[in-house]
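Let's take a walk through a protein structure together. Keep the view open beside the text, and turn the model as you read.

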Amino acid sequence: MVDDDAHELLISTARACLSDPFDALEPTRLGWVGLLTPPERGGEGWLPGEASLLSLETGRQNAASTWTLAAAAAAVASHVSADDALTASLLSGELLGTISVVPDRLWDGDRLEPGGQLQVLSDRSPDVLVAFDHNAERVRLQRLSSDHCSPVGDLDVLETTRGAFAVRVDENPGVVVEPAEVRPILDAARVLLDADTVGTVGAALSLVIAHLIEREAFGAPLASFQALQHRLVDWMVFERSADALVTQAAESLAQRDDDAERLVAALHSFVEERSVAAIDDLIQLAGAIGFTWEYPLHHLLRRVATNASLLGTGRASRRRHLDAMVRRGS
Amino acid sequence: MTPSEEELAAFRLRIRDVIATKAPGAGEREGHRAPTSAEQERSLRSWYATMYDEGLAGAGWPTEWGGNAEHHPLHEVIVNEELIRARAPRPLDQVNLAAGLLLRFGTAEQQARYLPRIRSGDDVWCQLFSEPGAGSDLAGVTTRAEPQRDGTFILRGQKTWTTDGHWAQMGVALARTSTEERRHAGLSVFVVPMDAPGIEVRPLRTIGGAWDFNETFLDDVVVGPDAVLGVLGHGWSVVMAGLETERFGVAGNVALLRLLLEDLLEVADELELDGHRALGLADVQQAIADLAARAEAARAFTDGHVLSAMAGHEIEGDASIAKILHTETYQAISSYAEHLIGSGDLSATALGARAAAGRLRDAWLWSRALTISGGSSEIMRNILAKRRLRLPTTR
């Protein structure tokens, strides 16, 4: 468990690192990309608790960073590759890794179909992709060629706050990964992404609350109307409880607890749809300004909607959660 | 000092054993708390005494009144979880509240007179706070306590939602002792014997058919000067302190959500819906898993809240968030269960599932009591808007 002092230190470091002007390489320099990789392979250790705190803050700052995905890719590489140089390059930032669910149509057995196209999130053109299918029954570590990756423009993709790339799978080498061996890493990646989502919802809530306190209508601040207050409270209650569930899921993973997989599935089930609904409703509460491109709310909406299914759908998480409940008796 | 994990595990086993060997056999029904026969009442009072003797209740009291010096709030959490898990009768909230007020505001004489009788199960207490015109807005009470020259007070007024009033020996009443401009001023709290002349208790059946609630009429009820609890005229702070007692017990309440989910799974596994086993249908699976995720989030938040509160770092409003999460998730699970059961057909042979369906219906009918009483969900949202989000005064 991350104690209070360490918690404060992490958050203040994260704020300093993520504030404007933000340098996308800073998380790598600070070792965040190594937070899921064992020290003997050059990482910082198995630290999903610390990583989730930093990811919450990454979402809160709406930072243009995909370091959590890079951290998961590096951890998978360290686990399955005999090539220490690959892991070292991913940890140093020389190479950039990312991770994504890949739809069934792009798989050919346990290989990715050459020529298949998909979109991934990455700070710059990715060099390594950890791909897995919806049920995480097939996992693959795939090298990518930079001439097969191209940035996707704002209007072509939902995501606008982080780098998005169209990737064409080529004949580059890749390795099949035994899913059971890397399941905790995939689960950690999910928790970090959900943490980013919860942080983003917190940012949206703060933004709209400040706006509604400032803005007057009918001779009073909009935030003084009870009909609006209760909706803001509801989203705060959601954000606080989701934050608590992030902490528990991350700690459970850190301790390699038997119940971790169920908690991770519960977390994703809980946040994926509600976080989108939360920011959608906050746009409504903000009024017409919330509907403009200039006002940042829609970027936050896009961020959480992208996160919602990047590493698997809510439906799949609910199925996993229910299966785990039935297995344990409730 | 925080007990070790080994000590807590041993404590849990001991509590389980006490419950298994000494708790009344019949399963507790949600929303049916008061006894319905003399025999049941004897058994319940005896169980209350056992809970005090065995440290399941009152362990946090000062040792001079029977408390345990080694007691830690985590013990309280475990006791509540285990009582819920076993569906055993839990200590009465109203008695806990009265004991908390006596310990904090009572004179030495009041403590000596009343506390041992709570521990022995001889006295059940009820709460005479709410009135027909003052529920969530408690400062609106109009019951008056007129001071007399001989130092006594005469109480006149009507109270309502008096849980357990029909079998309680004692009550704690909130009444107006002077006329002040400020609504929260001039209120006082009194200890009132429920058999005092002038008290009439009339039953109010609850939505689930139980007789737990009552209306209480106070018609020139005379109490002595020694009946005042706390400082005369400062009753509001006494009442508010009372509502803050037992805040750690809430951690155990989320165990109730797990019981509801267990029942829901059992029912869905047996229920025939559209010609299929309900639990095999994707929409049912998704709905149950979503409710379970809500329950998990409620548990995660409440665990964190209780640990912070124990460490003295309670954040303002966290208790209100915990209440909203627990009560509204309870409502959502039981409401979905009732809808599901009503949509399908339970096999005539599935006795376990039919019993589970009965428990879920009790819970559904009872669930509005949770979101209305003890500070309604709407009051909780008002509190959070003001104290947590610091929003401007409501219009």
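On the surface of this predicted model, a patch of negative charge brings together A:Asp3, A:Asp4, A:Asp5 and A:Glu8. Pick out A:Asp4 as a starting point: this residue belongs to helix 1 of chain A, which covers residues 4–18. Is A:Asp4 buried or exposed? Its relative accessibility is 54%, and because exposed means over 50%, A:Asp4 counts as exposed.

Now zoom out to the whole of chain A. Its secondary structure consists of 10 helices and 11 strands. The radius of gyration of chain A is 20 Å, close to the 20 Å that the globule rule gives for 330 residues, so the chain is as compact as a globular protein of that length. If you draw a box along the principal axes, the C-alpha atoms of chain A fill roughly 70 × 45 × 40 Å. Among the 330 residues of chain A, 58% count as buried.

Next, look for charged partners. Side chains of opposite charge can pair when their charged atoms come close. How many salt bridges does the structure hold over all chains? The total is 48.

One of these salt bridges joins the side chains of A:Asp187 and A:Arg190, with 2.9 Å from N to O. Both residues sit in helix 6 of chain A (residues 179–214), and because they are 3 residues apart there, about one helical turn separates them. You might expect to find charged side chains on the outside, so check the accessibility of each partner. A:Asp187 has a relative accessible area of 3%, which means that it is buried, since the limit for buried is under 20%. A:Arg190 is buried as well, at 6% relative accessibility.

Another salt bridge in chain A pairs A:Asp259 with A:Arg262, and here the closest N and O atoms are 2.7 Å apart. In this pair A:Asp259 is partly exposed, with a relative accessible area of 22%, whereas A:Arg262 is buried, with 4%.

Move over to chain B for a further pair. B:Asp318 and B:Arg388 form a salt bridge whose closest N and O atoms are 2.7 Å apart. Which parts of the chain does this pair link? B:Asp318 lies in helix 9 (residues 318–343) of chain B and B:Arg388 in helix 11 (residues 377–388), so the pair links distant parts of the chain, 70 residues apart. B:Asp318 is buried, its relative accessible area being 5%.

Salt bridges can also share partners, as chain A shows: A:Arg15, A:Glu57, A:Arg60, A:Glu239, A:Arg240 and A:Asp243 are joined in this way into one network.

Stay with chain B a little longer and look at its backbone. B:Asp164 has a phi near 70°, a positive value in a residue other than glycine. You can find B:Asp164 in the loop between strand 3 (153–159) and strand 4 (170–176) of chain B. With a relative accessible area of 1%, B:Asp164 is buried. A positive phi also appears at B:Arg390, where the value is near 55° in a residue other than glycine. B:Arg390 is located in the segment after helix 11 of chain B. Is B:Arg390 buried or exposed? At 56% relative accessibility, B:Arg390 counts as exposed.

Now take in chain B as a whole. This chain has 11 helices and 11 strands. A compact globule of 395 residues would have a radius of gyration near 21 Å, and the 22 Å of chain B agrees with that. Along its principal axes, the C-alpha trace of chain B spans about 75 × 50 × 45 Å. Of its 395 residues, 51% count as buried.

For a last stop, return to chain A and find A:Glu261 in helix 8, which runs over residues 260–286. A:Glu261 counts as partly exposed, with 33% relative accessibility. How far apart are A:Glu261 and A:Trp67 in sequence and in space? In sequence they are 194 residues apart, and in space 22 Å lie between them, C-alpha to C-alpha.

Key: Residues are numbered from 1 along each chain as its sequence is written. Chains are lettered from A and ligands numbered from 1 in the order in which they are written. This is a predicted model: local features need pLDDT of at least 70, side-chain atom pairs count only at pLDDT 80 or more; totals for chains, interfaces and linings use all residues. Side-chain values use heavy atoms; hydrogens and water are left out. Patches are made of residues with over 30% relative accessible area and no salt bridge: like charges are joined within 9 Å, nonpolar side chains (Val, Leu, Ile, Met, Phe, Trp, Tyr) within 5 Å. Accessible areas come from the Shrake-Rupley method with a 1.4 Å probe; for residues, only the protein chains shown count as cover. A salt bridge is a side-chain nitrogen of Lys or Arg within 4 Å of a carboxyl oxygen of Asp or Glu. Lys and Arg count as positive and Asp and Glu as negative; His and the chain ends are not counted. The place of a charge is taken as NZ of Lys, CZ of Arg, CG of Asp or CD of Glu. Helices (H or I, at least four residues) and strands (E, at least two) are DSSP runs, numbered from the N terminus. Buried means under 20% relative accessible area, exposed over 50%, partly exposed in between (1.4 Å probe, protein chains only). The radius of gyration is taken over C-alpha atoms; the globule rule is 2.2 Å times the number of residues to the power 0.38.
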